[in-house]
Amino acid sequence: MSKNYINIYNNLVNFSRNKKLFKTFTKEDVFSDRLFIFMLHFGFFLKNFKNNEKQQEIQNIYDYIFKQLELSIREIGYGDMSINKKMKTYLSTFHYLLKKIDIWEKLSNNKKDDLLRDLFDYNGDIEDLSKYFEKYRLFLTKSSLNSFTKGVINPDF
């Protein structure tokens, strides 16, 4: 690959490791919860850069990220048949998230909270999570794709 997509992947993982996200909004700190939060970050990432970058570049990033996810699942110890089934589920979930993320900017703060509450199956105060992803979205609008390929980004939000 001509670009260093591993840095994009590592940056998304770095954003997704925010401990507050797991303590407050997930039932357990398990792989599926971590993956879900990762996919939310990746979804906002794709939404932000899809119109500003070449389609082939975005497709290469998408392919690379899901290949890395597949490798992670293999490292956990799942067999080939389980991996195929899990990847189909994860891809379906991701595309569902993309549809929800696509309308994010048009939603009121209450609707954003409702959307995240439904996604996380969480009944508590989810306003902090909604604010976090809004800050993340704004951070992405001020960032370039090139900055994600250069190295690990430390967010200031």
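Begin by selecting glutamate 134, which is buried in this predicted model, with a relative accessible area of 18%. Keep glutamate 134 in view and add arginine 137, since the two form a salt bridge whose closest N and O atoms are 2.6 Å apart; both residues lie in helix H7, 3 residues apart, or about one turn of the helix. Arginine 137 is itself buried, at a relative accessible area of 16%.

Next, add glutamate 105, with which arginine 137 forms another salt bridge, the closest N and O atoms here being 3.8 Å apart. Because arginine 137 sits in helix H7 (residues 127-141) and glutamate 105 in the loop between H5 and H6, this pair ties together parts that are 32 residues apart in sequence. To see the network of salt bridges that links these residues, select Lys47 and Lys112 together with Glu105, Glu134 and Arg137.

Move now to helix H5 (residues 80-102) and pick out its buried residues, which are Ile83, Met87, Tyr90, Phe94, Leu97 and Ile101. Show H3, H4 and helix H6 (109-120) as well, for these are included in what covers the buried residues of H5.

Then select helix H3 (residues 31-49) and helix H4 (residues 55-76), whose axes come within 11 Å and cross at roughly 175 degrees, so that H3 is roughly antiparallel to H4. The residues of this contact divide into 15 nonpolar, no polar and no charged; among them are Phe38 and Phe42 in H3, and Ile65 and Leu69 in H4.

Finally, stay on H4 and select arginine 74 and glutamate 70, whose side chains meet in a salt bridge (3.1 Å, N to O). Glutamate 70 counts as buried at 19% relative accessibility, whereas arginine 74 is partly exposed at 35%.

Note on methods: Residues numbered from 1 in each chain as written. Predicted model: local features only at pLDDT ≥ 70, side-chain atom pairs only at ≥ 80, totals over all residues. Heavy atoms only, no water. Axes fitted to C-alpha atoms, helices over the stretch in contact; angles between N-to-C directions. Helix = DSSP H or I, 4+ residues; strand = E, 2+ residues; numbered from the N terminus. Parallel < 35°, antiparallel > 145°, perpendicular 65-115°, else oblique. Contact = heavy atoms within 4.5 Å. Nonpolar A, V, L, I, M, F, W, Y, C, P; charged D, E, K, R; others polar. Expected span 1.5 Å × (residues − 1). Buried < 20%, exposed > 50% of the residue type's maximum accessible area, 1.4 Å probe, protein only. Salt bridge = Lys/Arg side-chain N within 4 Å of Asp/Glu carboxyl O.
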